[in-house]
Amino acid sequence: MQIAKHKVVTFDYTLTDQAGATLDSSKGRQPLTYLHGIGQIIPGVERALEGKTAGEHVEVDVIPGDAYGEHDPRRIQKVPRSSFANVPKIEKGMQFEARGPTGDKHNVTVTDIDDQTVTVDGNHPLAGKTLHFDIMIVTVRDSTPEEQQHGHAHGPGGHQH
């Protein structure tokens, strides 16, 4: 069965950066399961898997525009340290959930701290990076009407209700 829209796909993967450093991997964990064709994984990987079948090995380099976007310097801002009054100890690398001007939630990462301000970066940590995926497709199956309605895979490796 070929991977196409509304197929449930399970795959093992290793994600590396351009220098070959491993950023993430399913090794030693459950494979990733998703509902294909509805934007649950980054576009560059989804396109690379289209038409493939269980047992196939896929390697793909994904540019920032097809992954987590370009790094946007406008998403870096200095916030008064007093905004973190409830945090006992602020350290670089800490992540917080912030609300934008329209109330939307997004994650920010602390990149710098001084006596007056905390610098946070609202870019995804992998923004601006070309990513290399080494993928082994484990299974491909038809999705159920319920999975299509809910917008995600159910069962082992998928969402549990």
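Student: Phe11 and Tyr34, are they buried or exposed?
Tutor: Phe11 is buried, and Tyr34 is buried too. Keep in mind that this is a predicted model.

Student: OK. What sort of aromatic pair do Phe11 and Tyr34 form?
Tutor: An edge-to-face one: the rings sit 5.9 Å apart centre to centre, with 80 degrees between the planes. The pair links distant parts of the chain, with Phe11 in strand β1 and Tyr34 in strand β3 (residues 32-35), 23 residues apart.

Student: And why is the pair of Phe11 and Tyr13 edge-to-face?
Tutor: The planes of those two rings are at 65 degrees, and planes over 60 degrees apart count as edge-to-face. Their centres are 6.0 Å apart. Both Phe11 and Tyr13 are buried.

Student: Which residues do the ring pairs link into a cluster?
Tutor: Phe11, Tyr13 and Tyr34. The count of aromatic pairs comes to three.

Student: What does the side chain of His36 make polar contacts with?
Tutor: One polar contact goes to the side chain of Tyr34, at 2.7 Å. Another goes to the side chain of Glu50, also listed at 2.7 Å.

Student: Where is His36, then?
Tutor: In the loop between β3 and α1.

Student: A loop, right. Is His36 buried or exposed?
Tutor: His36 is buried, with a relative accessible area of 0%. Leaving aside neighbours within four places in sequence, His36 is in contact with Ile3, Ala4, Lys5, His6, Lys7, Val9, Glu46, Leu49 and Glu50.

Student: Let's zoom out. How many helices and strands are there?
Tutor: The protein chain has two helices and nine strands. From the N terminus on, the elements run β-β-β-α-β-β-β-β-β-β-α.

Student: What does the C-alpha trace span?
Tutor: About 60 × 40 × 30 Å along its principal axes. The chain has 161 residues, and 35% of them count as buried.

Student: Now the largest nonpolar core. Which residues touch the most other members?
Tutor: Val45, Leu49, Phe133, Ile135 and Ile137, out of 21 residues in that core. The elements giving two or more residues to this core are β1 (7-16), α1 (43-49), β4 (57-62) and β9 (131-142).

Student: Which element gives the most?
Tutor: That would be β9, with five residues.

Student: What is Ile137 in contact with?
Tutor: Not counting neighbours within four places in sequence, its contacts include Ile3, Val9, Phe11, Leu49 and Val58. Lys52 and Glu56 are among them as well.

Student: What about a second core?
Tutor: A second, separate core has seven residues, including Val79, Ile90, Val108 and Val118.

Student: Switching to sheets. In what order do the four strands of the open sheet come?
Tutor: The order is β5-β8-β7-β6, and the pairing is antiparallel. At the edges stand β5 (76-80) and β6 (95-99), each with a single partner strand, so one side of each has no neighbour in the sheet. The twist averages 45 degrees from one strand to the next.

Student: What holds strands together in a sheet, generally?
Tutor: Strands of a sheet pair through backbone hydrogen bonds, in a parallel or antiparallel way.

Student: And how many bridges do β6 and β7 pair over?
Tutor: Five, in the antiparallel sense. Arg99 stands opposite Lys105 in β7.

Student: What about Thr109, where does that lie?
Tutor: Thr109 lies in strand β7 (residues 105-113). At 17% relative accessibility, Thr109 counts as buried, because the cut-off is under 20%.

Student: Which side chain does the side chain of Thr109 make a polar contact with?
Tutor: The side chain of Gln95, at 3.1 Å. Beyond residues up to four places away in sequence, Thr109 touches Gly93, Met94, Gln95, Thr119, Val120 and Asp121.

Student: Last one: Ser25. Which strand is it in?
Tutor: Ser25 is in strand β2 (residues 22-25). Ser25 counts as buried, at 14% relative accessibility.

Student: What does the side chain of Ser25 reach?
Tutor: The backbone nitrogen of Lys27, at 3.0 Å. Apart from neighbours within four places in sequence, Ser25 is in contact with Tyr13 and Thr14. Tyr13 is also part of that ring cluster with Phe11 and Tyr34.

Terms used:
Residues are numbered from 1 along each chain as its sequence is written. This is a predicted model: local features need pLDDT of at least 70, side-chain atom pairs count only at pLDDT 80 or more; totals for chains, interfaces and linings use all residues. Side-chain values use heavy atoms; hydrogens and water are left out. A nonpolar core is a set of buried Ala, Val, Leu, Ile, Met, Phe, Trp, Tyr and Cys residues joined through side-chain atoms within 4.5 Å. Buried means under 20% relative accessible area, exposed over 50%, partly exposed in between (1.4 Å probe, protein chains only). Contact means heavy atoms within 4.5 Å. A polar contact is a pair of N or O atoms within 3.5 Å; within protein, one must be able to donate a hydrogen and the other to accept it, and residues adjacent in sequence count only if both atoms are side-chain atoms. Two strands pair if DSSP finds at least two bridges between them. Axes are lines fitted to C-alpha atoms, for helices over the stretch in contact, and angles run from 0 to 180 degrees between N-to-C directions. Rings of Phe, Tyr and Trp (its six-membered ring) pair if their centres lie within 6.5 Å; planes under 30 degrees apart count as stacked, over 60 as edge-to-face and the rest as tilted.
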